[in-house]
2 protein chains.
Amino acid sequence: MWSQTSSYALRTLGYLATHRDRWILGKEIAEQTGIPANYLSKVLSQLRKKGLVRSLKGWGGGFQLREDALSSPILGVLELFDGARDAEACPFGLPRCDAGNPCPLHARWERIRGEIDSMLTTVTVGQLRKGPA
Amino acid sequence: MWSQTSSYALRTLGYLATHRDRWILGKEIAEQTGIPANYLSKVLSQLRKKGLVRSLKGWGGGFQLREDALSSPILGVLELFDGARDAEACPFGLPRCDAGNPCPLHARWERIRGEIDSMLTTVTVGQLRKGPA
DNA sequence: ATCTCAATGGATAACATCATCCATAGAGAA
DNA sequence: TTCTCTATGGATGATGTTATCCATTGAGAT
């Protein structure tokens, strides 16, 4: 549904959201989430540039979720890695369909798309925290 | 959302569903739908093997939609090119989430997934026909 | 039989995504 | 300063998807 990389980003943020009390090594995130360490470093780098994550080099360093990232909708994360989705585009790539000239799937898809958008804008990074059962 | 190739397949079937009165050249489909002609031939070949489309070589030949394809759900087409989707998989690749240990997105996604499945099994190839306004 | 039309299918190339390797830079410890 | 730890970033490789090229096959027209 979304790219592997986006999935990595969400998992990473979920892990950081769960451990906000200290600096987390990239290596630790990789081990705990199963994301390839080398690739993860690229993902973390982008999350840092985007301001979702803070980093500290050297001994005792690592990564941390930034405070204001907690309330950030996950839509922003997905867009960062998958690019902005064309909200208008027919997911089937059918010839231009819109309200005036709908393809057979248009109306049904319109509704589903709305629910997905609602989910992505409502759920925040902070809510990716792995809570106690 | 789905692969480019699946989109091509749906557009192709839509075009064939709209012109059921004669044999349609692959070239014509390519021109009218904007699908690369050479690549389209592969897609058509798979549609033929799957029994959705009939072909005729030589002068006056081309492609035609098969009668029974009209009532076939488009889900089958998507699975043909994208492979069967893992219905259980969390679209975010988050650590195994299920009813017992749901990720924050689980419940919301469950519902959306149901609607998508419903759409894909309900809409048929015949309904891809480009009807008169 | 021969010619032309058009699908068929194998081989290959272009491209993006995913992943790894390695050298460098920054920061605290000794 | 010097050492170790750890993020940073450039270069490269692996893989899957998308696209193209070309030779072959089948079928009707003449």
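Which kind of oxygen of DNA strand D lies 3.3 Å from a polar side-chain atom of Lys57(B)? It is a base oxygen of DNA strand D. The structure is a predicted model, in which local features need pLDDT of at least 70 and side-chain atom pairs count only at pLDDT 80 or more, while totals for chains, interfaces and linings use all residues. Residues are numbered from 1 along each chain as its sequence is written, chains are lettered from A and ligands numbered from 1 in the order in which they are written, and side-chain values use heavy atoms, with hydrogens and water left out.

Around DNA strand D there are 25 residues, with Lys42(A), Arg48(A), Ser55(A), Thr5(B) and Gly58(B) the closest; a residue is near a strand if one of its heavy atoms lies within 4 Å of it. Of the strand D atoms within 4 Å of the protein, 66% belong to sugar or phosphate, and the rest belong to bases. Phosphate oxygens of this strand lie 2.7 Å from a polar side-chain atom of Ser55(A) and 3.4 Å from a side-chain N or O atom of Ser45(A).

DNA strand C is likewise surrounded by 25 residues, the closest being Thr5(A), Pro36(A), Lys42(B), Arg48(B) and Ser55(B). Here the side chain of Lys42(B) places an N or O atom 2.3 Å from a base oxygen, whereas the side chain of Tyr8(A) has an N or O atom 2.7 Å from a phosphate oxygen. A polar backbone atom of Gly26(B) is 2.9 Å from a phosphate oxygen of strand C.

Methods:
Polar contact = N/O pair within 3.5 Å; in protein donor to acceptor, adjacent residues only side chain to side chain.
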